[in-house]
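Me: I have a structure in front of me and some questions about how its parts pack. Please keep the replies short.

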Amino acid sequence: MKKLINLTINDKEYEVAVEPNQTLTDVIRYDIGLTGTKKGCETGDCGSCTVIMDGKPVNSCLVLAMQAAGRNITTIEGLETEDGLDPVQEAFVEKGAVQCGFCTSGMILSAKTLLDRNPNPNEAEIRSAISGNLCRCTGYQKIVEAVESVNK
Amino acid sequence: MKKDFSIVGKSVPRNDGKAKATGTATYTDDIKLPGMLHGKILRSPFPHARILNIDTSRAASLPGVKCVITGEDTPKIKYGNWRLFPDTQDEYPLAIDKVRFIGDEVAAVAAVDADTAEEALELIKVDYEELPGIFDIDSAIKEGAPVLHDYCPGNISVNRKIHYGDIEKAFAESDYVREDVFNVHAVSPAYLEPCAAVAQCDLDGRITLWTSTQVPYIVQCLLASTMGMRENDVRVIKPFVGGGFGGKMELRTWEFCAAFIAKKTGRPVKFTMTREEEFLAGRRRHAMKLYSKVGFKKDGTLTGKDLRIYLDGGGYNAMGPTATFLCGTFGAMLYRYPNYRFWGQHVYTNKPPASAMRGFGAPQSLFATESQMNIAAEELGIDPIELRIKNAQVTGDEIPDVATISSCGFIEALQKAAEMSGWKEKRYSPKPGQGIGIGCYSFISGGVFNWFNTQFPFSAAEVRVFDDGTAHLLTMAADIGQGCDTVLKQILAEELGLKMEDIRITSADTSTTPQADLGAWGSRLTMMNGNAVLDAAKKIKAQLFGAVSARQNLNVIHELGCKDGMVFPKSRPDRGIPFGEAVAMAQKANRGEPLVERGYYTPRDKGLVTPAFSFGAQISEVEVDKDTGVVRVKKFWTAHDCGTVINQMAVEGQLEGSIQMGLGYALSEQFVMEDGKTLNTNFLDYKMPNAMDVPPSEVAHIETYEPEGPMGAKEAGEGLAIPTAPAIADAVHHATGYRCKDLPITPEKILAGKKD
């Protein structure tokens, strides 16, 4: 039985009818159409579906859409402004931190939440902050370098 | 022969970086078409069974279900990548009569949504007669073993032999002969994007398929043949792809089912695999059993090698024939073996099919080679790096039946890696619990052997240039994350003297990009498609130069060039004209015809393997906890020769990614199997290294100039996945005295085998 809920995503209000068992990932991707949030495992292990919920990075595949009602959600599409890319996005592009791109959205959002609370993290803090986001292409090195470069 | 380059050799950011960093890059599962159905696949719960009957009636009558198919509904045409040898094509899109592994595809459902399709799967009733299964090489090749495929009574589907020199005589004349057995395990490519396909059928019955693939051309051809259609009636488009590493280089069941059901229902159909399906039934790297015997003279000179390899192929051939060929090829690489004998056999077992995976036979074969070199060095009392340098292949070496090495920086790489890592001190004055070890690699820059039996060039490119000073590059090459779109643009920009932003690229659409390109595998695209792009660019230049030369009334002795957006006589750069003006001139001289050229590359007279080999050496430093046996890798140093580096940052990215994969292969990744069932079907239990597991690494590019490569380049994408496991194994031995001959290196094995 579907239920109407209100979601705040990237500062926009969405009214969506969702099933009780629908994950936030599926609603964001298939109902709202923001497909930058990726689905790599659906079990909370890979981090591809990471979104920022009330300032914290969460695996949106482990959040039911109904639980997200009334919360403040940021997806990868919410980072770019009229002034251009978010500095984290910019760093990922310039430093070669992107390869296949499938982990990139989640990786950037995890890095962004880290930088929001700790503008100058050391390497260990960066590695820890992105340890829930798996990447098979980059070996993480250029991702770490990109995050390190943001507030330099 | 080195050149000064403007764009080649630089760290140029990826073409698609912004699209990916903003979430706007569209992958297959992101595609949504009006009226689209969602498909799910029913898989076999048994490793080996006969299908007696399938009843789909209840599933078909579930509200919301639009189509249910089994093998009986299909044209029943077998497929496989080795079209040159139809006997090797052993797979049906959906099982006919028999299933051969847990996860083998039996039926497919398409419904209005994925949940309904999933529910319908449970309503399909399949009557199986269970058959005895075989789960390892030894049981499969035993006399009287159950037979997987009727055509192949001994379960050995591919035999490959290489033999040169006199191996028995070589061993008889050796001062030291060493024989070992190595066992290497299967691992998952574990690309982050699960496979997906979306198919649409137009009113004329033609199919368009968007699919997460490394090989649009191969999928086009094999989809057409299994559907009983003409190749040109199938269009395959590769959207953005979230990694492949070899696991997406064949036609797969869901691609067929999406197309078949789209044609049947007239509605678009999407199939997306779950991670569980990927781990349970997805392609994997071959487990192998390797018997290796090598001989040396007292002074360390190699006399010969006898290599026998059994490949655990799983239920179908997949890319196993290539792996069988290549593990023998790589057995003869790196060092000068005056005598060499190889016999490889590909064995069917009731497990998910093994196939291509980064390194394609080399990580296994060279794990044995490199481990044995380290053992021999120890027993001969020679430093492992010295022993390698003494026997190292060099430019100009010929390997019978394999290739001629046209560029080789192996010795320089060994020297550089030793220097960077502080090898001498760390190896000979180690700290307790710490060790340092070495592993090396060589790899192919694409394959020469035409197993797909294509009539087309192996690579093709079309270049269009315009009077506004821009160019459009069209190629079927598949960028799956490795970055070939960017590298090919760099090559074109360099050759035409344009900027990256002047070039638009259209790639990997089989109906609009020039035929053909064999795909992203065997580390072939920089070499092969790069050469095709260069060929097209040179033809464009010839046309431009003719027009400019005529217009400027140049003396015949003047050579022209393209640089910084200008076309100019090289001896009089001040007399240049803008590129776009030159294009307009050439067009006007030719009745206004657009300036379009096609370039091609197919290696010829380059042996049967590859036009060029990469080389490199890697050193790793580890610390092993003496109580728990846990290995912590502290650092890697890599020196590698990929010819001219086209994109510094991209090459480093390949290396760093390879280290992650090699680290997992060495220490943590494995399939836990029980009677053919994969038990660890998620990322929590399949332990792929995360950001905290991967140590820092240093790299040195040993630049050589490969005469066959575009601007001197050769491969960098796969070879680097090879040296990490043997380097770690050697370092663990150095630290603990435990010599690993059966991967992965686990704490249990170290504690049982360490020498205090």
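Reply: A residue is buried if 20 or more other C-beta atoms lie within 10 Å of its own. This is a predicted model.

Me: Is B:Met711 buried or exposed?
Reply: B:Met711 sits in the loop between strand E32 (697-701) and H18 of chain B. Its phi is near 55 degrees, a positive value in a residue other than glycine. The cut-off is 20 or more C-beta atoms within 10 Å. B:Met711 has 23 C-beta neighbours inside 10 Å, so it counts as buried.

Me: What is the phi of B:Ala318?
Reply: B:Ala318 lies in the loop between strand E15 (302-314) and helix H9 (320-331) of chain B. With 28 C-beta neighbours inside 10 Å, it counts as buried. B:Ala318 is not a glycine, yet phi is positive, at about 45 degrees.

Me: Which helix supplies the largest share of the largest nonpolar core?
Reply: That core holds 287 residues, and B:Ala258, B:Leu492, B:Ile728 and B:Val732 touch the most other members. The largest share is 13 residues, and it comes from helix H15 (residues 525-552) of chain B.

Me: How are H14(B) and H15(B) oriented?
Reply: Helix H14 of chain B spans residues 484-496. Its axis and that of H15(B) come within 9 Å and cross at roughly 30 degrees. Angles under 35 degrees count as roughly parallel. H14(B) is therefore, relative to H15(B), roughly parallel.

Me: How many nonpolar residues are in the contact of H14(B) with H15(B)?
Reply: On the H14(B) side the contact includes B:Leu488, B:Ile491 and B:Leu492, and on the H15(B) side it includes B:Val533, B:Leu534 and B:Ala537. Three residues of this contact are polar, one is charged, and the nonpolar ones number eleven.

Me: Which residues does B:Leu492 contact, leaving aside its neighbours within four places in sequence?
Reply: B:Leu492 is among the core residues that touch the most other members. It also belongs to the H14(B) residues that meet H15(B). Its contacts beyond four places in sequence are B:Val463, B:Ala471, B:Leu473, B:Ile503, B:Val533 and B:Ala537.

Me: How far apart in space are B:Val126 and B:Ile503?
Reply: B:Val126 lies in strand E6 (residues 125-130) of chain B. There it touches B:Ile51, B:Ile54 and B:Val106, not counting residues up to four places away in sequence. B:Ile503 is in contact with B:Leu492. The pair is 377 residues apart in sequence, and the C-alpha to C-alpha distance is 54 Å.

Me: Which helix gives the largest share of the side of chain A that touches chain B?
Reply: In this interface, 42 residues of chain A are in contact with 45 residues of chain B. By class, the chain A side has 16 nonpolar, 17 polar and nine charged residues. The largest share of that side is four residues, from H2(A).

Me: How are H2(A) and H3(A) oriented to each other?
Reply: Their axes come within 9 Å and cross at roughly 130 degrees. The crossing is right-handed. A:Val88, A:Gln89 and A:Phe92 of H2(A) make the contact with A:Thr104, A:Ile108, A:Ala111, A:Lys112 and A:Leu115 of H3(A). By their angle, the two helices are therefore oblique.

Me: Where does B:Pro744 lie?
Reply: The peptide bond from B:Leu743 to B:Pro744 is cis, with omega near -5 degrees. B:Pro744 is in the loop between helix H18 (724-736) and helix H19 (747-753) of chain B.

Conventions:
Residues numbered from 1 in each chain as written. Chains lettered and ligands numbered in written order. Predicted model: local features only at pLDDT ≥ 70, side-chain atom pairs only at ≥ 80, totals over all residues. Core = buried A, V, L, I, M, F, W, Y, C linked by C-beta atoms within 7 Å. Buried ≥ 20, exposed ≤ 12 C-beta atoms within 10 Å, placed from the backbone. Contact = placed C-beta atoms within 7 Å. Axes fitted to C-alpha atoms, helices over the stretch in contact; angles between N-to-C directions. Parallel < 35°, antiparallel > 145°, perpendicular 65-115°, else oblique. Nonpolar A, V, L, I, M, F, W, Y, C, P; charged D, E, K, R; others polar. Left-handed = near helix turned anticlockwise from the far one by under 90°.
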